[in-house]
Amino acid sequence: MIIELAFTVIGIMIITGAGLILLNFISPDIPNWYLRVALGFVIGNLIMIFSLSILAGFDLLHLATVVLMVMGALEAGYLLVKFRTERSNLKSTFKPGQIRFFFIFSMALLVGTILFREFLTPLSDWDTRAIWGIKAKSFFLESGFDNTFLTSSHYNDTHRDYPNGLSLMMALFYRMYGSVQEQAVKLYLITFYVNILLLTIGTLKHFFKKTPTYMIILLIIGFLYTNKFIQYSASGYADMPLAVIFASATLCSIAAVTTGSLTKSFPFLLTGVLTAATGVYIKDEGLTFFIVYAAGTISIAACSYGRKEISGFLHKKMRTIISGVALLVLFLFGFIQWELTKRQLNIIDVLPFSLDNRTLQQQLFQLTVIIRSYIAMAANSANWGMLLAPLSLFFTGGTISLLFTKKMRIYAVPGTIILLQLCIYTAAYFFSKHDITWHLQTSLERLFLHLIPSALIVAIFYVSLIAKYLQPLEHREQM
Amino acid sequence: MKVNRSQSPPFLTRIVVSTLIVASFVSLFSFYDSKKGEYKQLFKTLISTSATHTLHALDPFDSMRMTAEELDTGQNSVFLATSDRSTPRFYWLKFQADYYFYPTQPTIFLYNSDEDYAYEIMNFTTPGDTVYSAEELVLDTDHFEGRQYTDYFEYERK
């Protein structure tokens, strides 16, 4: 078990390292190391999942660990060259800053209590075994998409059509261990939860530089150390990874709208789109988020800057734009390949909704059930603590009010993206072909889980806007 | 009442901190309240046995798989039985079986309590698989608290 855990740590480090290096090229101005590590982890996952998808497409998954090792060797080489040429720069890039012992101890205690439970229990939740776990097992035992699980009609009841990202990553770790080790792989799964903590801490540190440590800890316990976050932290569901992806992309869009110039915001927009693209490999909801996010990104560029600045930027930075778009298309290639494979293997997309002939009264009833469930879920303090209801109100109210404030409309974009994603979920429930009560009972809490970290980050951003306006005029920074 | 603007941030901070303290207490209490039984059980099992054994002890399906393998070594044809195909319970059992035996496809028996016989489910069996009658299967319902859809029927051959 110890060896497997060590392998997991090495794997996570290589994956995060790859992301950090790519991030260093496309977006070097990420404010602090908390955010840099979290974004590096997400981008690293994108790189790795993309590589594994391509390998699976060519029936070469047995080379997965070789690819990981080559990636590690390349990273080591890069660091060595960087260390020789830019010693001082590198130190500042990876300098963790001042970390208090109390803070580390508290975080270790919080994560440790979850890990204790996770290491002693199997990956036994429904979707984990029925979808992601068995897929991971198939990618571990066989070398590509043309495997027993994806080709045999025996598995027709399972969602074989779902994206493969999480399963491929789990299979990579199984291949490192040489066996299916559910406990060791939980260390990888819980990294997503840890990254949500990093994103929240990093956002706080960025907007409120002098936030006391105890306040950060209280905020994390109040919002993120709640029953549902703990339950899904390493359960093997794809929802926690999706929550990290949404939160990372939201953070990038906040960074983009606060820079003030298109040249400065472009790296954040590109990083945001790339992190959102990771979602298409994880779950279907990731695809809708990617589409909404890409539209939001274009709207940020179109609404915040004048025609002159946009045409000037396009003229000056055409090569950068083309490189960025090419990188995005390249990373999406694995997703396109999976869509084509599904058609080849005759795997049908099982959508949870259908457009049948319901009466207006039935449709309205469906909508009231959905809204009632949303309100009940937000107010469920046993699941989410006491702060979700005020957070939901503040986040929604803040976004709507910013949308109607002409001079500050641009600041509403990150929040609007999250609200639009919620609208998509609502539409999916509205046209649900299942019994709506059952559908909501079995999935709503996980959909909330996708959006809460992003809403929290946006709320911190809104509080920072308010704090700036509360400051005496002479101390207020130019916004 | 006049408000001194320079005093408002510390006052606001105090409100925020107090709110966060209450909210954190609620989160910690909910965690303690809902998970204390589970943690107690984990500690107890861990003290009495090794981590690997704890895992097996806490995974009902794994022990079921082992029983099935003992009963029918190498065949993978005996795994489980359930009373109704239309319920989530049936699918939960099928997914467990699929997960454990992958890439082998195990036989799943449907136990019909009304007509009192067990029969093969179409598409889930291959020619030559052993089919057991109801007399050969003794069903015993067990429930695991705190988990969704984890009702299962454990069986043993008479």
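**Exercise 1. Work out how many residues each chain brings to the contact, and how much area is buried.**

Let's start with the head count: 51 residues of chain A and 47 residues of chain B take part in the contact. Keep in mind that this is a predicted model. Next comes the area: the two chains bury about 4300 Å² between them, and 66% of it lies on carbon and sulfur atoms. Within chain B, the residues that lose the most area to chain A are B:Phe95, B:Tyr99 and B:Tyr102, which together make up 20% of what that side buries.

**Exercise 2. Find the polar links across the interface, then describe the side of chain B that touches chain A.**

Begin with charge pairs. The rule finds 1 salt bridge between chain B and chain A. B:Glu38 and A:Arg117 form a salt bridge, with their closest N and O atoms 2.8 Å apart. Now widen the search to polar contacts: 12 residue pairs are counted between the chains, both residues being at pLDDT 80 or more.

Then turn to the helices. In chain B, α1 (8–48), α2 (51–58) and α4 (88–101) each supply at least two residues of the side touching chain A. The most come from α1(B), with 21 residues. Sorted by class, that side of chain B has 28 nonpolar, 12 polar and 7 charged residues.

**Exercise 3. Identify the members of the nonpolar surface patch and the helices that supply them.**

From chain A, take A:Phe394, A:Val463, A:Ile466 and A:Leu470; from chain B, add B:Phe11, B:Leu12 and B:Ile15. Together they have about 570 Å² of accessible area. For the helices, α21 (436–470) of chain A and α1 of chain B each supply at least two residues of the patch. B:Leu12, for example, is found in α1 of chain B.

**Exercise 4. Explain why the salt bridge of A:Lys228 and A:Glu445 ties together parts that are apart in sequence.**

First, the overall count is 11 salt bridges over all chains. In this pair, the side chains of A:Lys228 and A:Glu445 meet at 3.2 Å, N to O. A:Lys228 lies in helix α11 (residues 227–232) of chain A and A:Glu445 in helix α21 of chain A, so the pair joins parts 217 residues apart in sequence.

Notes
Residues are numbered from 1 along each chain as its sequence is written. Chains are lettered from A and ligands numbered from 1 in the order in which they are written. This is a predicted model: local features need pLDDT of at least 70, side-chain atom pairs count only at pLDDT 80 or more; totals for chains, interfaces and linings use all residues. Side-chain values use heavy atoms; hydrogens and water are left out. Contact means heavy atoms within 4.5 Å. Buried area is the accessible area (1.4 Å probe) that two parts lose on being put together, summed over both. A salt bridge is a side-chain nitrogen of Lys or Arg within 4 Å of a carboxyl oxygen of Asp or Glu. A polar contact is a pair of N or O atoms within 3.5 Å; within protein, one must be able to donate a hydrogen and the other to accept it, and residues adjacent in sequence count only if both atoms are side-chain atoms. Helices (H or I, at least four residues) and strands (E, at least two) are DSSP runs, numbered from the N terminus. Ala, Val, Leu, Ile, Met, Phe, Trp, Tyr, Cys and Pro count as nonpolar, Asp, Glu, Lys and Arg as charged, and the others, Gly among them, as polar. Patches are made of residues with over 30% relative accessible area and no salt bridge: like charges are joined within 9 Å, nonpolar side chains (Val, Leu, Ile, Met, Phe, Trp, Tyr) within 5 Å. Accessible areas come from the Shrake-Rupley method with a 1.4 Å probe; for residues, only the protein chains shown count as cover.
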